[in-house]
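Me: I would like to go through one protein model by question and answer. Please show it first.

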Amino acid sequence: MNSRSDQPLRLGTRRSKLAMSQSGHVAEAVRAVTGRPVELVEITTYGDVSRENLAQIGGTGVFVTALREALLRGEVDFAVHSLKDLPTAQPEELVIAAMPLREDPRDALVARDGLTFEQLPDGARIGTGSPRRTAQLHHYARALGKRIETVAIRGNVDTRIGYVRDGELDAVVLAAAGLNRIGRSDEVTDHLSVDNVLPAPGQGALAVECPASDEDLVAALGQLDDPHTRAAVTAERSLLAALEAGCSAPVGALADLLADGQTVNEMRLRGVVGTLDGATLVQLSTTGPVPQSYDEAMALGRELADEMLAKGAAGLMGERSL
């Protein structure tokens, strides 16, 4: 940390309303634990300026690379990411100092006329840019005996919800956490149960990242860490990394903590991969003691991934070419 304790800490953030809101919450918490002012430094990432489909431009890293480069160049002291945007490989020079308490991990439907997913008409047009959501929404619709059409969309929350308000789409699917963080949860018409649609690994969680060499800052930011969130998200991302190596199908995952009264004693990890039309899903779960270390959480994810690959996950969208 800079030797002058009155020197503001510079927090690198994307410019979107959601990113600014998330970073603002973290900035307040960091001010509280360090007693130092925190200033937000807005950084434009490739994912923010490109109009291409996310899946086409490389999915995860597009929102993260510019923030990480600013950290490595010393232009900012720490950065806040949506955990689901982070690639599973971690650069050695940087460390995730904190994963604060997770927001609602579920996906949320914003539909016309206050409709729930089950009330949507046959052939309803639903906007989502996510292959993971596409596969599971089609599967859910099939289970209800109807079909839907998914339409690839991009853009911020206003743009996406605008498609519904303008009558172009019957509904859009967004992360509940994002809507909660920008104060728009009242627009949700249906929270999609994780029994029907598993979220992206790490959805609803944030990662606070800083240079590994700044030990004082690593320790200070570490006070914001929530151990249960970290264990859950680590297991989910381990599952994702192991499946990414073995198959190119879209992955959903959620680890939740099972409590016996007040005592949390077990963690259940669920994973799903499927074909985009929802015709075939491989969905499995495993339950075990709450991981007490990074290695235990990683092992939980890898074990479930191995079982899913053995059940045919790799073949769902064609083998990934190495």
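The questions below deal with a helix pair and then with one loop residue.

Reply: This is a predicted model, in which local features need pLDDT of at least 70, side-chain atom pairs count only at pLDDT 80 or more, and totals for chains, interfaces and linings use all residues. Residues are numbered from 1 along each chain as its sequence is written, and side-chain values use heavy atoms, with hydrogens and water left out.

Me: Is α8 parallel or oblique to α9?
Reply: Helix α8 covers residues 227-246 and helix α9 residues 294-310, and they pack at an angle of about 40° with axes 7 Å apart. Axes are lines fitted to C-alpha atoms, for helices over the stretch in contact, and angles run from 0 to 180 degrees between N-to-C directions. Angles under 35 degrees count as roughly parallel, over 145 as roughly antiparallel, 65 to 115 as roughly perpendicular and the rest as oblique. Therefore α8 is, relative to α9, oblique.

Me: How far apart are the end C-alpha atoms of α8?
Reply: The expected span of a helix is 1.5 Å times one less than its number of residues. For the 20 residues of α8 that gives 28 Å, which agrees with the distance between its end C-alpha atoms, 29 Å.

Me: Does Val 194 count as buried or exposed?
Reply: Val 194 lies in the loop between β9 (190-191) and β10 (206-211). Buried means under 20% relative accessible area, exposed over 50%, and partly exposed in between (1.4 Å probe, protein chains only). Val 194 has 14% relative accessibility, so it counts as buried.

Definitions and conventions
Helices (H or I, at least four residues) and strands (E, at least two) are DSSP runs, numbered from the N terminus.
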